[in-house]
Amino acid sequence: MKENAVIDFHVHPFADPSYNLNLYPGTYDLDLRGMKGQLEAAGITHICGSVLKREPLREGFESLRALNREALRLQEELGDFYTPGFHVHPAYARESCEEIAYMHGKGVRLMGELVHYMHGWGDFSERDWAEILDTAQQYGMVCSYHTPFDYDMGKMIKGHPRMTFVAAHPGDRQRVAEHIEMLKSCPNLCLDLSGTGLHRFGMLKHLVEQVGAERLLFGTDYPICNPGMYVRAVYREEIGSREREMILYGNAARILECSKSVS
Ligand SMILES: [Zn+2]
């Protein structure tokens, strides 16, 4: 590991404005190089995550597949800087399972971030997801998913004990308490620090004390969130340097088994 390596487990990379989720369009209309530069300036040395589109998607799996191909294309350009994540959809179980096999063949091991509200599915009910998650587990995938969820994810997570799940977004105090409960009952679940949560001083220290640093992954949700603010926040919480290193780098590297290929 290089000194000061930071893996951002939760990014939605983009090469042009139609994929740039920044909430203030036109403010940072960057190309791929510009995007990478902005992340590196914040201290981030590697990113993970799925490509999303600003506009609503057309019905059918084809539009999700197009996002997944864009992720592969970006990886070709970004090389070791980027671990792509891909989308699946419970209404298209067969296509989703084929996509898992295809992505596995491309060396991709990250499914998600899955974002239900953007892709028109409601929850993680077993009926829709069992086949997809069974296949994902078989192929050794990691599943990153947006929270909150109305459905009790615990059932799905416990039903796939050989697969690592990563919940996104700690949220505010009540939501953090719910995440802690879930993390305690599901040993194969981690939490990424992206989105709402890290700006509440003490949240990270509290999480470390409650569930241990090994369950937490650094993440931002760039380009929606300011990456520099998140890196700084992790440095300013009073946790041990070993714990900080695990959160910023070690855990993600271990989970993705990519510690050799990322810097
Ligand atoms: Zn996200």
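In this predicted model, proline 223 sits in the loop between strand E8 (216-217) and helix H9 (227-236). The peptide bond leading into proline 223 from tyrosine 222 is cis, with omega near 10°. The loop between E8 and H9 also holds aspartate 221, a residue that is not a glycine yet has a positive phi of about 80°. Because buried means under 20% relative accessible area, aspartate 221 counts as buried at 9% relative accessibility.

It helps to recall the usual pattern here. Most residues other than glycine have a negative phi, and most peptide bonds are trans.

A positive phi, near 75°, is also found at histidine 169, again a residue other than glycine. Histidine 169 belongs to the loop between strand E6 (164-168) and helix H7 (173-185). With a relative accessibility of 10%, histidine 169 counts as buried.

A cis peptide bond also joins glycine 112 to glutamate 113, where omega is about 10°. Glutamate 113 is part of strand E4.

Strand E4 (110-114) is one of the elements against which the buried residues of helix H3 pack; the others are helix H2 (62-78), strand E3 (82-86) and helix H5 (126-138). The buried residues of H3 are Ala93, Glu95, Ser96, Cys97, Glu99, Ile100 and Met103. In an α-helix, residues three or four places apart point the same way, because there are 3.6 residues a turn. The length of H3 (residues 93-105) can be checked as well: at 1.5 Å a residue, its 13 residues should span 18 Å, and the end C-alpha atoms are indeed 18 Å apart, so the two values agree. Just after H3 comes glycine 107, with a positive phi of about 85°.

Note on methods: Residues are numbered from 1 along each chain as its sequence is written. This is a predicted model: local features need pLDDT of at least 70, side-chain atom pairs count only at pLDDT 80 or more; totals for chains, interfaces and linings use all residues. Side-chain values use heavy atoms; hydrogens and water are left out. Helices (H or I, at least four residues) and strands (E, at least two) are DSSP runs, numbered from the N terminus. The expected span of a helix is 1.5 Å times one less than its number of residues. Buried means under 20% relative accessible area, exposed over 50%, partly exposed in between (1.4 Å probe, protein chains only). Contact means heavy atoms within 4.5 Å.
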